[in-house]
Amino acid sequence: LNSVFLSDFEQIMLDPNGHQHEGVPYDLAIVSFGKTTRNGHLLNLLGKGSARFVIAVSDAIETEDKKAVSRFESFFSASVCNSAVTCERLLSSVAQSAASGAKELKVLIDVSCLTRIQMGNLFASIKTAATTIPIHLAIGYCLARYARPPDQHAPLNRRIAPVHRAFSGWTAMPTLPVDVVVSVGYEKGKALGAVEYLEPRGRWVFVPNSPESRFLREVMAHNRELIHASSRTVINYEVLKPVDTYYRLLSLVSGLATESRPVLLPFGPKLFFAVSLLVAMSLQEAAVWYVDGEDELSGALHQASNYSVLMTCHVKSRSD
Amino acid sequence: MTALSFLSAFNAKAMSYEQVADSFVSSPKFAQLAGQWNALLVGPRGSGKTTLLRMLSLEGLRSWSGPEADAYRANLNYTGIYVPSDIAWGEMINSLGDGMDKTCFNLIAEAAFATNVMIATVSAMQLRLQSVSSVEDRHRYRAVQIASCDLEEVVREIAELWKLQPRTASLRSLQLALSARLLHIGQQSTLFRAGGSYSEALVRDLMPYIGLPIIQCVNEAVIAFDARIDQSDGIWTLLLDEFEVAPDNLQRMILTALRASARKLLFKVALAPCGPHTLLNLDTGTPPTERNDFRQIELWYSDKGEAEAFCADVFAARTSKEPKLAACKPEAVFGKSAYAIVDEDGQTNVASASESKNEQLAREFAALREKDPSFDAFLTHKKISLDKLDTSPDAPNGNTIRKIAPIVAFRNAYKGYADGKKRGRKPFTSAYSGWAAIAAMSEGNPRWLIGMLTGIFSEVGTSDSLPVSIQRQQHHALVTAKTFADVLGTVAIRQFDQIQTSIPVFQLLSMIGKYFYDRLVVDEFQEDPPLSFYVDDDIGDDIENCLRIAINHGAIVCYQSADDIGGFGTLCNKRFRLSYLLAPVFKLPVRKSKAVKLSTALAVAAARGTRHNALPASDYGEPQGTLF
């Protein structure tokens, strides 16, 4: 079940004035399509030529502004595609690279504005692709500039479920209890509702800290009950140190998996969601769940801040 | 108290058997469930289904030392096999089928679920053979001995039946082989999907255990076991928890088997009242029927008296562990409710508080008459004089006065002052204190009751400080109510895949609550304003599905018994009320009353605006910051 393993983690902060990509360009860069400064920010920082091929994901292509699509495609030399087509192209790139005898495929995914479902689909494809050819994976993230969250409860929780079948977890012991690892965002009531839904034995709460310190204030205010009631299992993490976060999360979830079925509920920064998917790639017992409807809120966070980070790792087949 | 400490006040899934047994309170519902028959245990979240099933398992009964424990152990003549399940396990199984054709998915999902049942069965056998050196007989309950050669033979027989290859002829090896099977199921499913080309024949070829009939498998296994311990007439019971998350075909199979199952193997199945099973076609000409084939036990109380008796037992169990409250009666801790809870039949079951009843009535009636012309007209029409308020049954209008007293109190509290005067702002909350009100608000739901009791008990310094002040009781009752409302505000609107709505659950509840509040307080005075509703033909699927989710969370309570197998197939023409726990949130009395068509209530509420009348956080007695 654990078909891949991950190694060689590194992280670098990107220079806000432009960070020229060095070395071999990425074979494929995947970003989200959109008109805000945050959508193309990472590609701008890395500079033209950092990727041979760019795909911008949009799952509402039919309703997108055609001129905006053309401008984006022209400016970034990109193709705007939906999630399904993006995953197909990723897998066909893998097949081509493998056929041509390439040692690895270099893929960059800018997760800043991707939805959680899109991330689930993409990372599931990476997991599949890595069984064919090693993937040099770079995950880019641009922190949003602070924007006030809604005061009221977040929009509807439509469905609370695993984000993708590849991340639904599996167990040889269904009799074990459920433990949840939840990272909180600034959506009021979301995390509490999801935790209650799962009726877990225990819960661990990751609280994000970043240079945009006003986020933390809102996060604390909107998750006061959850954080207060979990005081002995609250873990503070730095959003812009994803490798540290990966190892802390992996260590925690590995420990939990010996005596429970761990379910990750990564609200808040998309980078933590990506890190959770990487942890679930490493551990078959871990599931990554999401709340449908949650991404509606993050639409407010469209302005790029001066803080961007790139996390890299190798994803390989266990049989390699 | 925080939301989470309230929610996890009694989460039996997260507790050890000793912890569950230590706080267990037997009830008539438990007795109904425990008998030697098939049973469906139907109730909303937190209503205690897991606790009841676990207490019927071998481990639960061995851990139980309460007053009735010995009697139960003496009278129960079956071995309970507790089969845990939960939403996460259900989603894991569902994920196996993503992108796979329905037939193959059904086969694989069934195999996964069946393997879990087999693991639980082997665990129960291990427990029966466990040699415990304890002075207490209960730890040896249903313990048996078996010669090692016989045990090996049993293991070999079961392995053959279940198509397993254990490394050694031991029950432990059987369990390991079953765990390995689960891993194989997960791995094969991934490979089938990744490969893209598979067929039912290939699935059956690579997974030879696919399609094993689970009921017969368990039945034959326990027959083999019992034969070796010379108890051929032994009975076993599968205790299937949270069975609504099981694959459809398995639910259909088990529910159908309630009629046809061998009496060697009984089923006790816990279900949500509006789970997907209620939408299943059992595909049989003679479906199982209640009483003949199974007993249906519902964990909600339309009869308040029954709930109060259970609440009193829970109270006694909790206070037995609180030295400062030992031997205290509930009324000594909570006092009596300030306002009577009056049923629609006019029966009052709670006496009034310290102020003399007639003084209190006269004060409330006079205050309301001053600011409410419609009440004044009502009094005139009924020829009720405030100088002679007498609630005795033989007094003129005695029944009417007694019946409207709580309505007058609510209306008076929320109506504000007469024209030109400042509107009253202080919430009317004294109705939510006193033992009768606390017990009624808990709805007999152990999680809610324990949540409130825990908070209120923490206020008790010494027995001299009893009863706990009304303000402190109100505070904890209101926080519990508000927390429940907060949780309802985050409930997902799609559950079990089949039950979907576009309407947020709390929004619908708010509209209903607002309608009742307006009829009670804003509109012309009525002797018997509606506080319940029935689902009429004009209610569409979207609203009905929203109500189904509300029922599963205990947010609305049905007056009638569920008339379908394991719950409500349709809600049409059923009568409901809002949970009494939401009464403080919507500023409503804890009271039964007449019903109104739901379509009418929603139309009126919508026409008057969607803003609900829930109390703002600042009205909950303490600043928000100190509540959580």
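**Notebook: two sheets and the A/B interface**

I began with chain B, where five strands make up an open sheet in the order 2-3-4-1-5, with parallel pairing. The model is a predicted one. I then looked up the edges: strand 2 (78–83) and strand 5 (295–298) of chain B each have a single partner strand, so one side of each is left without a neighbour in the sheet. For the twist I noted an average turn of 15° between neighbouring strands of this sheet, direction ignored.

Next I checked one pair of strands. Strand 2 of chain B runs parallel to strand 3 (residues 235–240) of chain B, and six bridges join them. Within this topic I picked out V83(B), whose bridge partner in strand 3 of chain B is L240(B).

I looked for helices on the chain B sheet. Helix 8 of chain B packs on the sheet and touches strand 2 and strand 3 of chain B. I noted about 135° between the direction of helix 8 and that of strand 2 of chain B. Helix 12 (residues 214–228) of chain B lies across strand 3 and strand 4 (265–271) of chain B, and I have it running at about 140° to strand 3 of chain B.

I moved to chain A. Here seven strands form an open sheet in the order 1-13-6-5-2-3-4, and the pairing is mixed. I found strand 1 (4–14) and strand 4 (78–81) of chain A at the edges, each pairing on one side only. The twist from one strand to the next averages 20°.

I followed edge strand 1 of chain A to its neighbour. It pairs with strand 13 (residues 304–317) of chain A in the antiparallel sense, over nine bridges. I recorded M311(A), in strand 13, as the bridge partner of Q11(A).

Which strands does helix 9 (residues 270–282) of chain A touch? I found strand 1, strand 6 and strand 13 of chain A, with the helix packing on the sheet and its direction making about 155° with that of strand 6. Helix 4 (residues 116–129) of chain A lies across strand 1, strand 2 (28–32), strand 3 (54–57), strand 5 (105–110), strand 6 (135–144) and strand 13 of chain A. I put its angle to strand 6 of chain A at about 160°.

Last, I looked up the interface. I have 47 residues of chain B in contact with 39 residues of chain A. The area buried between the two chains is about 4,000 Å², and carbon and sulfur atoms give 64% of that.

I listed four salt bridges across the interface of chain B and chain A. One of them links E91(B) and R159(A), with the closest N and O atoms 3.4 Å apart. I also have eight residue pairs in polar contact across the interface, both residues at pLDDT 80 or more.

Which elements of chain B give two or more residues to the side that touches chain A? I noted several, including helix 7 (87–96), helix 8 (102–129), helix 10 (171–195) and helix 21 (470–488) of chain B. By class, I entered 22 nonpolar, 14 polar and 11 charged residues for this side of chain B.

Key
Residues are numbered from 1 along each chain as its sequence is written. Chains are lettered from A and ligands numbered from 1 in the order in which they are written. This is a predicted model: local features need pLDDT of at least 70, side-chain atom pairs count only at pLDDT 80 or more; totals for chains, interfaces and linings use all residues. Side-chain values use heavy atoms; hydrogens and water are left out. Contact means heavy atoms within 4.5 Å. Buried area is the accessible area (1.4 Å probe) that two parts lose on being put together, summed over both. A salt bridge is a side-chain nitrogen of Lys or Arg within 4 Å of a carboxyl oxygen of Asp or Glu. A polar contact is a pair of N or O atoms within 3.5 Å; within protein, one must be able to donate a hydrogen and the other to accept it, and residues adjacent in sequence count only if both atoms are side-chain atoms. Helices (H or I, at least four residues) and strands (E, at least two) are DSSP runs, numbered from the N terminus. Ala, Val, Leu, Ile, Met, Phe, Trp, Tyr, Cys and Pro count as nonpolar, Asp, Glu, Lys and Arg as charged, and the others, Gly among them, as polar. Two strands pair if DSSP finds at least two bridges between them. Axes are lines fitted to C-alpha atoms, for helices over the stretch in contact, and angles run from 0 to 180 degrees between N-to-C directions.
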